[in-house]
Amino acid sequence: TPELGNWAEGLIFYHMDLYGSKERFDIFPEEPSGQADRSRGNSRKEPALSSEKIQHSQEAGYDLEKEVAELAKMYGLDEDKEKELALLGGHLETVERRWPPAHTQKAGSQGSELPGEASQDEDQSKAIAEDDAESHMWSREGLSSGGMSDERSSQAVSEEEETADVFCSTCKTPIRAFDKLFGEHRDHEVAQLSNAVESEKEEIHKNMCKLEEQIAQVENFASHLEEIFITVEENFGRQEQNFEVHYNDAVQVLAQKYEEQLEALGEEKRRKLEALYGQLVSCGEHLDTCKELTDTTQELYLENDKANFMKAAVTVVDRLEEFLKKEVDLELSTLPEFEERIIDFSEVEQLMNSINTIPAPCAPVINPQAPNAATGTSLRVCWGLFSDDTVECYQLCYKPVSNERHGDEQAEHVLKVKETYCTITNLLPNTQYEFWVSALNASGISPPSERAVYVTAPSPPIIKSKKIRSCENAALVCWESRDINPVDSYMVELSKLTDEENDDTITESIVGIPNCEVLIHLQPIQSYRICVRALNLGGSSERSEPVLIHTTGTYFCLNEDTAHPLLAILDDGFTIACDELENLECDLPVYDNSFTRCIGILGSLIPFPGKHYWEVEAEEDTEYRIGVAFENTPRHGYLGANNSSWCMRHIITPSRHKYEFLHSGMTPDIRITIPPTRIGVLLDYENYRLSFFNADIAQHLYTFNSHFQHYVHPCFALETPGILQIRTGIAAPPWTALP
Amino acid sequence: MRLTTPASAMAAPGGGAEGRRCPLGAAPSPARSAAGPRRSSETMALKQVSSNKCFEGFQKVFEHDSTELKCKMKFGIYLPPKAETGKCPVLYWLSGLTCTEQNFITKAGFQQAAAEHGLIVVAPDTSPRGCNIEGEDESWDFGTGAGFYVDATEEPWKTNYRMYSYIKDELPKLINANFPTDPERMSIFGHSMGGHGALILALKNPGKYKSVSAFAPICNPIQCQWGKKALGGYLGSDASKWEAYDATQLVKSYPDSHLDILIDQGKDDQFLSAGQLLPDNFIAACTERKIPVVFRLQQGYDHSYFFIATFINDHIKHHAKYLNA
């Protein structure tokens with residue numbers, strides 16, 4: 001196979017070229033390149049080898065092969081290279097059988113495994129692997145420059161190529177099948193060469209994985225060591241500083257003590273010496289006096305004149321007597337020893353002790369409130385310590401901020417906390433709390449931090465379900481806050497309900513709503529779950545109870561406060577009834593906003609442009625007025641009787657059902673042959689229309705063409721006792737598109 | 001000549017201010033007798049008399065040889081712009097006494113609404129013409145211009161005066177064969193005698209027309225002078241045979257209520273007060289039989305095309321609602 005031959009050629013020359021490239025050995029000074037070259041040269045000149053040597057070299061070759069593969073992997077060479085390397089291994093060994101390459105030969109001839117040799121092999125293999133991609137080029141260069149190229153070796157390869165097809169497991173070498181039968185491998189265990197290659201590859205791969213793991217482990221460990229290194233430096237530096245400070249203090253204190261002691265000692269010495277000196281002086285004076293008396297007495301003895309003698313003797317005797325009367329003080333006024341002094345080492349002792357203890361910490365710094373750190377009933381307060389002080393725990397104090405100056409001070413709460421944060425629960429919603437914190441350790445308590453004001457999140461609002469209005473494209477949602485304190489804004493969350501179960505996906509959020517009302521644009525014929533959250537600095541409240549909105553049609557409720565006293569709204573909220581027309585004058589409660597004459601009621605305002613459809617069901621003989629009216633339509637008048645309302649009226653005359661379409665008290669003259677029992681009302685703001693239909697038979701009855709200057713309310717009234725059922729949330733039927 | 005008849009001295013009952021033989025004044029279409037543009041039409045049977053672009057569509061007049069009526073007949077047809085690209089429903093208009101195919105297409109102003117709703121509107125003539133029947137031109141309310149949309153059974157009318165069958169069968173067949181129509185969707189309306197025609201065609205052929213409407217229709221011809229004269233003339237003196245062409249009578253046997261009837265009536269219509277139209281009888285019958293009717297008595301309006309033009313849009317919409325449903 002010429003291709004294989006080429007490979008073999010390439011690899012061989014490549015091999016040679018590697019050995020020729022001297023710089024590769026420069027990094028191994030213990031194995032001078034010259035020597036390597038020489039040994040290689042020698043090996044090539046000694047083709048004859050003993051079988052023992054061959055075995056040796058084969059083992060070395062095997063190792064080489066493994067290493068090559070590992071290194072190839074390491075250097076990012078892919079599977080193809082691996083195959084080539086396996087081939088290389090095979091070829092190498094084939095070659096080795098006759099002309100073992102220098103390195104294996106060297107191992108064999110030298111008979112010892114120098115540590116340098118292994119690494120050299122490795123390096124060579126590495127070089128092989130690195131340059132493998134260029135192998136062809138290299139091989140050609142090698143061929144042309146041909147420093148080490150040997151025709152014989154290439155010849156040999158091509159010869160061996162065709163024959164090695166079995167692997168001898170005993171000798172760990174590929175052999176020809178022929179050898180198995182007749183050669184030295186006759187009794188050896190053999191395997192197909194390809195199988196052997198596969199299992200070798202597997203082994204190699206395993207080892208490479210292990211190696212990779214080790215690399216990762218060691219790298220991790222090294223980086224860990226680096227961290228520790230830094231930590232050690234930091235810790236010890238800090239401790240050095242600590243020692244310096246404390247020992248300086250102690251030395252200063254000792255020096256001071258020494259000064260004090262010396263001073264006291266000198267003072268005592270001076271006092272003692274002064275006392276002794278004083279005594280000495282008085283002794284001298286005493287002696288002088290004695291001497292003078294003796295002299296005077298002796299002079300007296302010398303006096304011959306008796307009278308003179310006696311005269312003088314009297315005074316002398318008096319003086320002597322007086323002098324001798326005085327006692328001579330011969331006691332020492334002071335002792336030579338110095339006084340015993342108690343030296344107070346307690347301060348020093350404390351200082352010395354404190355070297356290994358710690359000072360009381362500095363005041364911690366309390367953080368301002370972080371976003372999302374609050375719920376309606378809890379707050380997460382955080383603080384920090386700027387010094388390196390050791391802290392055993394913190395003392396966190398808080399109380400609600402009260403606006404009232406006078407008394408009634410709220411009780412403080414105190415908590416011991418180990419961490420630099422704390423979540424306080426059982427708080428009131430949307431309320432401000434003041435927090436301050438001190439740090440404690442064995443040495444004492446720090447001053448308190450500044451006070452920080454945190455605020456709890458608001459309570460979830462309550463959606464006013466009776467005020468919700470919706471149509472195909474929009475909804476108006478109103479709610480009220482449960483908190484006394486005002487909140488910053490509200491947020492509405494919509495989730496479009498699908499048939500699938502995951503209903504909780506919020507499809508849209510509307511934030512920054514200042515009022516308790518929002519108009520939301522929606523898609524037609526969908527169901528939405530809508531929740532509201534209140535927001536303040538502390539965060540957002542929990543979600544309100546959700547409301548469901550279906551955008552199948554226009555939905556509104558009835559404004560109970562507009563209902564005439566005789567008009568009852570049944571439990572479903574959409575059925576109105578009037579039982580009797582009597583006792584109109586009785587004491588039924590009348591709201592300011594309610595109809596007083598027409599037994600009517602308004603629905604809530606329909607504040608969306610576009611078309612709106614609803615239906616009213618009535619018995620055939622029910623007398624009613626249904627239509628729309630402005631908010632301010634007179635409550636004391638009849639619907640349709642003024643220019644602020646438009647309505648269809650049904651009454652029964654003795655001869656027939658009479659239908660009127662009233663606005664400003666005027667009606668066209670219209671006869672309808674089938675009394676509708678389900679009246680469809682289509683309000684079309686855009687086309688300035690208000691149409692009435694017999695919904696059962698899709699019959700158009702009448703259309704007001706009126707440009708409504710304002711949004712209108714649906715209105716309903718009973719002329720006589722009866723019941724009207726209002727149906728909302730109905731898609732406008734297609735036949736309402738045209739009259 | 002008919003100009004001597006007292007009725008036409010006031011106003012033609014068909015609402016036309018001019019007599020049927022009068023020139024059409026400012027009417028945009030060429031005179032019927034003149035040699036109009038004679039482009040060969042889609043089929044051999046049709047001859048285009050005129051074509052005028054109107055609201056992006058075309059108002060055309062065609063002439064053809066009617067097999068039913070055994071004479072040349074003209075009809076007006078409005079093709080909305082939509083007809084150029086797709087099939088459109090057809091709305092048939094039946095005119096009143098003395099009218100030709102011209103009155104409606106020149107005076108009612110329906111084209112804009114028809115263009116908007118994509119309706120083909122066909123307005124046939126009101127009777128066979130030029131059949132040389134003795135007495136056909138003697139009065140304005142019988143004979144020429146007064147076919148009354150019945151199939152005559154009496155001599156000498158019974159050969160030609162088959163307007164009922166012409167409107168019911170031949171004309172739709174012709175229209176469907178020559179124009180882009182949807183044969184399944186057709187409606188009918190008319191004025192006065194044409195209102196009567198529209199009502200009886202709808203009531204006699206349940207399901208054939210999607211909807212029906214009328215302006216000041218003759219609702220109960222067996223009870224009024226016009227009706228008695230025409231029905232007696234065409235059908236013979238046996239009044240019981242007339243009932244088959246009386247809307248009020250037909251309602252009583254109409255099988256279902258799937259017909260939405262819109263009727264506009266001018267309150268100041270002299271024929272209303274003259275007892276020719278009798279809508280109350282029709283409404284009473286419909287109320288009795290639960291046939292849905294909205295009857296609008298329009299304050300101050302008379303029997304003319306001014307009245308029709310005022311409410312034509314409502315009627316076009318009424319039909320469009322069912323034709324385009």
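Helices and strands here are DSSP runs, numbered from the N terminus: at least four residues of H or I for a helix, and at least two of E for a strand. Everything below comes from a predicted model.

Let's start in chain B, just ahead of helix α4. B:Pro156 sits in the loop between β5 (120–124) and α4 of chain B. The peptide bond leading into B:Pro156 from B:Glu155 is cis, with omega near 0°. A second backbone oddity turns up further along, where B:Ser192 has a phi near 60°, a positive value in a residue that isn't glycine. Why point these out? Because most residues other than glycine have a negative phi, and most peptide bonds are trans.

B:Ser192 is worth a stop for another reason: an unreviewed UniProt entry annotates B:Ser192, B:Asp269 and B:His303 as "active site". The three are spread over 112 residues of sequence, yet they cluster in space, with a largest C-alpha distance of 10.8 Å. As for where B:Ser192 falls in the fold, look in the loop between β6 (181–191) and α5 (193–204) of chain B.

Helix α5 of chain B also packs against α4 (residues 163–178) of that chain, and chain A offers another helix pair, α10 (residues 193–301) with α11 (residues 306–325). Here are the two pairs side by side.

| Helix pair | Angle | Axes | Crossing |
|---|---|---|---|
| α10(A) and α11(A) | about 160° | 10 Å apart | left-handed |
| α4(B) and α5(B) | roughly 60° | within 11 Å | right-handed |

Angles over 145 degrees count as roughly antiparallel, so α10(A) and α11(A) are roughly antiparallel to each other. On the α10(A) side, the residues in contact include A:His286, A:Leu293, A:Leu300 and A:Tyr301, and among their partners in α11(A) are A:Phe309, A:Val316, A:Arg319 and A:Phe323. By class, the residues of that contact split into ten nonpolar, four polar and two charged.

With its angle of roughly 60°, α4(B) is therefore oblique to α5(B). In this pair, B:Tyr164, B:Ile167 and B:Lys168 of α4(B) touch B:Ile200, B:Leu201 and B:Lys204 of α5(B). That contact has four nonpolar residues, no polar ones and two charged.

Helix α10 of chain A has one more label. UniProt, again in an unreviewed entry, lists residues 248–275 of chain A as a "coiled-coil region". How much of that stretch is helix in the model? The answer is 100%, with 0% strand, and the C-alpha atoms at the two ends are 41 Å apart.

Finally, how do the chains meet? The size of an interface is often given as the accessible area lost when the parts come together. For chain A and chain B, the buried area is about 1,600 Å², with 56% coming from carbon and sulfur atoms. Chain A puts 16 residues into the contact and chain B puts in 20. On the chain A side, A:Arg671, A:Thr673 and A:Leu738 supply 41% of the area that chain A buries against chain B, more than any other three residues.

Definitions and conventions
Residues numbered from 1 in each chain as written. Chains lettered and ligands numbered in written order. Predicted model: local features only at pLDDT ≥ 70, side-chain atom pairs only at ≥ 80, totals over all residues. Heavy atoms only, no water. UniProt positions renumbered as here; feature names shortened; annotations may be inferred. Axes fitted to C-alpha atoms, helices over the stretch in contact; angles between N-to-C directions. Parallel < 35°, antiparallel > 145°, perpendicular 65-115°, else oblique. Left-handed = near helix turned anticlockwise from the far one by under 90°. Contact = heavy atoms within 4.5 Å. Nonpolar A, V, L, I, M, F, W, Y, C, P; charged D, E, K, R; others polar. Buried area = accessible area lost by both parts, 1.4 Å probe.
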